[in-house]
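Grab a pencil and open the viewer. Below are some exercises to work through, each with a solution.

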Amino acid sequence: MDVHLEALAEVVNGRVIGDATCSISGVGNLGAAKKGEITFLANKKFAHLLPATQASAVILKESDIDTCHVNAIVVDDPYLAYAQIATVLTQVDNLPVGIHPTATISKSASINASAYVGPNVVIEDDVEIAANAHIAANCFIGRSSKIGESVFINANVSIYSEIEIGENSIIHCGAVIGADGFGFAPSKGEWVKIPQLGAVIIGKSVEIGANTTIDRGAIDNTIIGDGVKIDNLVHIAHNVEIGEHTAMAAFVGIAGSTKIGAHCTFGGGAGTTGHIEIADNVHLGGMAMVTKSLKTAGAYASGIPAEPSAQWRKNVVRFRQFEKLEKRIKSLEGELKVLKGS
Amino acid sequence: MDVHLEALAEVVNGRVIGDATCSISGVGNLGAAKKGEITFLANKKFAHLLPATQASAVILKESDIDTCHVNAIVVDDPYLAYAQIATVLTQVDNLPVGIHPTATISKSASINASAYVGPNVVIEDDVEIAANAHIAANCFIGRSSKIGESVFINANVSIYSEIEIGENSIIHCGAVIGADGFGFAPSKGEWVKIPQLGAVIIGKSVEIGANTTIDRGAIDNTIIGDGVKIDNLVHIAHNVEIGEHTAMAAFVGIAGSTKIGAHCTFGGGAGTTGHIEIADNVHLGGMAMVTKSLKTAGAYASGIPAEPSAQWRKNVVRFRQFEKLEKRIKSLEGELKVLKGS
Amino acid sequence: MDVHLEALAEVVNGRVIGDATCSISGVGNLGAAKKGEITFLANKKFAHLLPATQASAVILKESDIDTCHVNAIVVDDPYLAYAQIATVLTQVDNLPVGIHPTATISKSASINASAYVGPNVVIEDDVEIAANAHIAANCFIGRSSKIGESVFINANVSIYSEIEIGENSIIHCGAVIGADGFGFAPSKGEWVKIPQLGAVIIGKSVEIGANTTIDRGAIDNTIIGDGVKIDNLVHIAHNVEIGEHTAMAAFVGIAGSTKIGAHCTFGGGAGTTGHIEIADNVHLGGMAMVTKSLKTAGAYASGIPAEPSAQWRKNVVRFRQFEKLEKRIKSLEGELKVLKGS
């Protein structure tokens with residue numbers, strides 16, 4: 001789609017410098033963008049690439065205009081403006097509509113005429129698919145689930161029964177929503193399954209990554225707030241609640257019944273134990289291990305960064321000798337006291 | 001399904017207090033259960049909710065009956081009794097039977113007349129599906145695999161060739177059983193694939209979580225014992241053996257050829273290296289890192305819980321200075337010896 | 001397939017000891033192989049099994065021939081020779097060819113006549129499938145993707161649009177290639193999606209494990225070099241580049257824009273932060289946490305192996321007291337200085 005620079009500037013309330021009628025057809029990185037493309041400079045680290053850019057226009061801050069020799073859109077937050085402009089430039093207008101003949105749809109399912117249901121999709125009884133929803137190939141949607149307006153579900157997604165997905169949410173391939181929570185009662189050395197009877201309620205504008213799993217609640221529901229962004233291969237256990245606009249990177253694992261606040265960010269591989277609470281605005285580093293409630297906003301981390309293996313082996317041994325080390329210090333303190341007293 | 005309280009008490013060998021003919025139609029949490037629902041009190045933490053419960057009946061211990069003003073079933077283990085009663089109350093009687101017309105089934109496959117094969121399921125040559133097995137939509141079952149009686153396989157599951165799944169097992173969406181183990185021989189800087197020729201043998205009453213992967217053996221088989229419970233996104237590598245009734249939470253990873261005992265529990269994210277042995281009744285904490293055999297039953301853990309990032313950074317630096325720290329102590333000890341000797 | 005020992009020896013440039021016309025039909029482990037099978041001895045640990053083996057032939061080193069009473073193939077690297085011989089013995093000759101009638105194929109897709117497209121596969125516009133490629137049941141291949149010669153894609157794999165997969169690559173069930181990278185710009189407490197416009201370019205002879213996810217680039221591409229081997233449940237984020245012949249075990253996570261060298265090995269659960277560089281020939285231990293660039297080849301590790309929980313709890317407390325410990329040492333050093341000076 002070709003758009004005049006002026007029109008893109010309007011989208012982001014930016015100021016055009018240079019030729020406002022310049023035609024933009026795509027995006028590129030500062031170092032690689034070609035004629036007809038727009039790029040952005042958000043991070044000082046890349047400022048050295050600006051003078052030589054071949055882009056037709058650059059989204060940048062006021063403070064960078066002096067070294068820019070091409071057209072520009074000046075904004076306060078170039079990264080955000082890039083997101084908005086790239087969205088306009090890459091909008092797909094002709095999404096398919098209707099039900100593919102190979103789909104298997106229950107007669108009691110209700111599918112809006114503006115929705116799309118792709119090849120081999122299976123939709124069970126009493127499912128509701130709202131306007132403009134897109135269900136790609138080979139998805140399964142279980143009994144009584146409700147898919148909101150303009151939800152986009154990619155191929156091979158599995159949604160169990162009685163799940164609700166709020167409008168404008170995006171689900172990537174292979175995600176599984178609503179599998180049984182991991183609940184068993186021990187009995188004479190064996191495990192007796194606890195029926196998992198709750199649902200999963202997903203808010204609006206949520207994004208769920210590829211092969212991520214969100215389990216249904218045991219009795220009450222698992223709840224994902226509006227605007228939550230979840231990366232690939234994340235696991236959300238039964239009865240977890242996640243507050244609005246929290247973001248979680250790949251391999252995050254949240255154990256059962258934990259309540260996560262709003263506006264949190266979880267680095268990749270971070271995990272929490274079950275039945276705890278994480279306050280709003282908590283920011284967890286990658287691979288952080290959370291074993292108790294974090295009731296105060298702020299940044300938390302754990303784990304020792306990798307070091308050369310020979311050094312690591314020595315430090316592991318010393319970590320194991322912690323107790324002895326502390327005893328040696330104590331003993332030194334005692335002896336010193338005696339010496340000083342003498 | 002409506003059931004008299006009396007009948008539910010019989011299921012769990014419990015004693016009814018109050019109206020034995022009271023009709024129960026569902027379950028709820030102690031704090032949220034409504035009229036017609038049964039709930040349970042298993043954890044002292046929730047005892048304060050008992051006096052105000054709106055449930056028609058509560059499953060509880062003898063010691064809690066005094067503060068209970070509604071009907072009750074008295075048992076030794078309320079959580080276990082809840083599991084059994086909830087199972088009765090939520091039993092689904094009308095599971096579908098037969099082969100969906102969109103399924104693609106090899107002529108040499110043998111499918112019991114009481115089994116269900118859902119839409120778009122693909123079943124290859126010489127597969128055997130036993131009585132009352134349920135294969136949901138879009139599953140793939142490879143050549144010569146055997147699915148036992150009353151096995152329930154959810155949608156979008158992939159089962160490679162020559163896999164055996166024991167009776168009453170449950171497999172959740174997206175699980176992959178029998179992919180090639182990760183085996184390569186190095187040769188001149190490249191990797192030569194080792195054909196993975198073993199199978200996966202899964203016992204009875206095993207539960208396998210969503211998007212979990214269990215690889216086939218290299219020459220011999222990967223073996224999962226009876227009653228093993230595996231959560232979502234777990235990885236079991238080639239030739240691993242897992243003893244009966246062991247349970248593993250999400251993100252557990254077991255490297256190749258490791259033998260895990262019976263009745264173990266593995267917390268989320270715990271991982272073991274390959275070619276080791278874990279004894280029966282070993283209990284691993286979440287994110288525990290196991291690098292050698294654990295030959296004694298008991299609880300094991302590792303990892304440092306998350307702390308505020310500023311504090312964490314200091315401790316990481318100090319961990320790195322371990323060696324220096326120890327040298328300073330050694331030097332102090334030497335000097336003190338000299339001083340004392342003088 | 002029955003093959004003379006002689007012919008197998010030729011495959012690996014090995015020397016036959018014993019009956020060169022001995023017929024071999026399969027493989028087995030040293031301890032379990034039966035008549036008609038070939039086995040191997042690569043690791044001294046198993047040498048005690050050699051004298052009693054029931055195999056018809058053993059692949060071994062010169063140094064082990066004295067304790068071998070059956071036929072043998074002598075080579076320098078028995079594990080590598082086993083890989084090559086097992087490949088010959090288990091070659092499948094009659095792979096199916098053609099398009100299954102239940103597949104849904106765009107008219108603009110180009111599928112080589114020697115390729116196989118299985119049941120319920122969905123192939124979108126402008127996809128190209130090269131000669132001898134195998135696309136198993138229920139896969140989805142998005143618009144304009146290119147599948148190279150002799151690529152083998154197992155069931156239930158999802159490939160988004162504009163992905164390229166080099167010849168002879170293998171993709172296991174449930175893998176997802178080309179989902180949107182995890183990119184959002186913060187705006188007034190919410191997240192604005194950054195369109196993910198790059199592709200994924202996968203080299204030749206790459207193997208990708210079950211349920212692994214490789215995200216498409218944000219603007220430029222995510223790149224996987226020739227000969228890279230990736231295990232199950234691995235996550236490769238947007239714009240990552242992985243050098244040739246690097247191998248990654250299960251649960252490895254590589255955050256966005258990180259560049260990994262060639263010939264690296266990553267242990268299970270190892271993770272890296274984004275925007276860093278890992279040199280060629282870096283070997284990461286299992287669960288290693290990499291937070292900055294590793295510019296020197298070699299072995300790196302982190303993490304504390306599991307210990308009995310009681311001991312672990314004490315060490316965690318002491319880790320937390322690091323700062324105090326160091327202060328006590330400092331104080332001791334000061335006092336000692338005073339004492340010595342006096």
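The exercises below deal with a predicted model, and each solution goes step by step.

**Exercise 1. Work out how chain A and chain B are related.**

Start with the superposition: a rotation of 120° with 0.0 Å of shift along its axis puts chain A on chain B, at an RMSD of 0.2 Å. Now read off the symmetry: that is the relation of a three-fold axis.

**Exercise 2. Describe the side of chain C that touches chain A.**

Begin with the head count: 60 residues of chain C are in contact with 58 residues of chain A. Next, see which elements of chain C supply at least two residues each to that side: β22 (184–187), β23 (190–193), β38 (289–290), β39 (298–301), α3 (309–320) and α4 (322–341). Of these, α4(C) gives the largest share, seven residues. Finish with the chemistry: the residues on this side of chain C split into 31 nonpolar, 20 polar and nine charged.

**Exercise 3. Place C:Ala301 in its surroundings. Is the residue buried or exposed?**

First, find its element: C:Ala301 sits in strand β39 of chain C. Second, count neighbours: there are 25 other C-beta atoms within 10 Å. The cut-off for a buried residue is 20 or more, so C:Ala301 is buried.

Third, list its contacts, skipping neighbours within four places in sequence. From chain A come A:Ala306, A:Ser309 and A:Trp312, and from chain C come C:Gly285 and C:Ala288.

Fourth, look across to the other chain. Strand β40 (residues 307–308) of chain A runs antiparallel to β39(C), and two bridges join them. In this pairing, A:Glu307 is the residue opposite C:Ala301.

As a last check on distance, take C:Val122, which is 179 residues from C:Ala301 along the chain: their C-alpha atoms are 43 Å apart.

**Exercise 4. Trace the twelve-stranded sheet that takes in strands of chains B and C. Which strands stand at its edges?**

Walk along the order: β8(B)-β11(B)-β14(B)-β17(B)-β20(B)-β25(B)-β28(B)-β31(B)-β34(B)-β37(B)-β39(B)-β40(C). The sheet is open and its pairing is mixed. Now go to the ends. β8 (98–99) of chain B and β40 (307–308) of chain C each have a single partner strand, so one side of each is left without a neighbour in the sheet.

Zoom in on the β8(B) end. There, β8(B) pairs with β11 (residues 116–117) of chain B in the parallel sense, over two bridges. B:Gly98 stands opposite B:Tyr116.

**Exercise 5. Show how strand β6 of chain B is covered, and name its partners.**

Take the faces of β6 (residues 57–60) of chain B in turn. On one side are B:Ala57 and B:Ile59, on the other B:Val58 and B:Leu60, and all are buried.

Then take the partners. With β5 (residues 37–40) of chain B, β6(B) makes a parallel pairing over three bridges, in which B:Thr39 is matched with B:Val58. With β7 (residues 71–74) of chain B, the pairing is also parallel, over four bridges, and B:Ile59 stands opposite B:Ile73.

**Exercise 6. Take apart the hairpin of β22 and β23 in chain B.**

Pair the strands first: β22 (residues 184–187) and β23 (residues 190–193) of chain B are antiparallel, joined by four bridges. One pair to pick out is B:Ala185 opposite B:Val192. Then check the turn: two residues lie between the strands, and B:Lys188 takes a positive phi near 50°.

Notes. Residues numbered from 1 in each chain as written. Chains lettered and ligands numbered in written order. Predicted model: local features only at pLDDT ≥ 70, side-chain atom pairs only at ≥ 80, totals over all residues. Contact = placed C-beta atoms within 7 Å. Nonpolar A, V, L, I, M, F, W, Y, C, P; charged D, E, K, R; others polar. Pairing = 2+ DSSP bridges. Buried ≥ 20, exposed ≤ 12 C-beta atoms within 10 Å, placed from the backbone. Least-squares fit on C-alpha atoms with pLDDT ≥ 70 in both.
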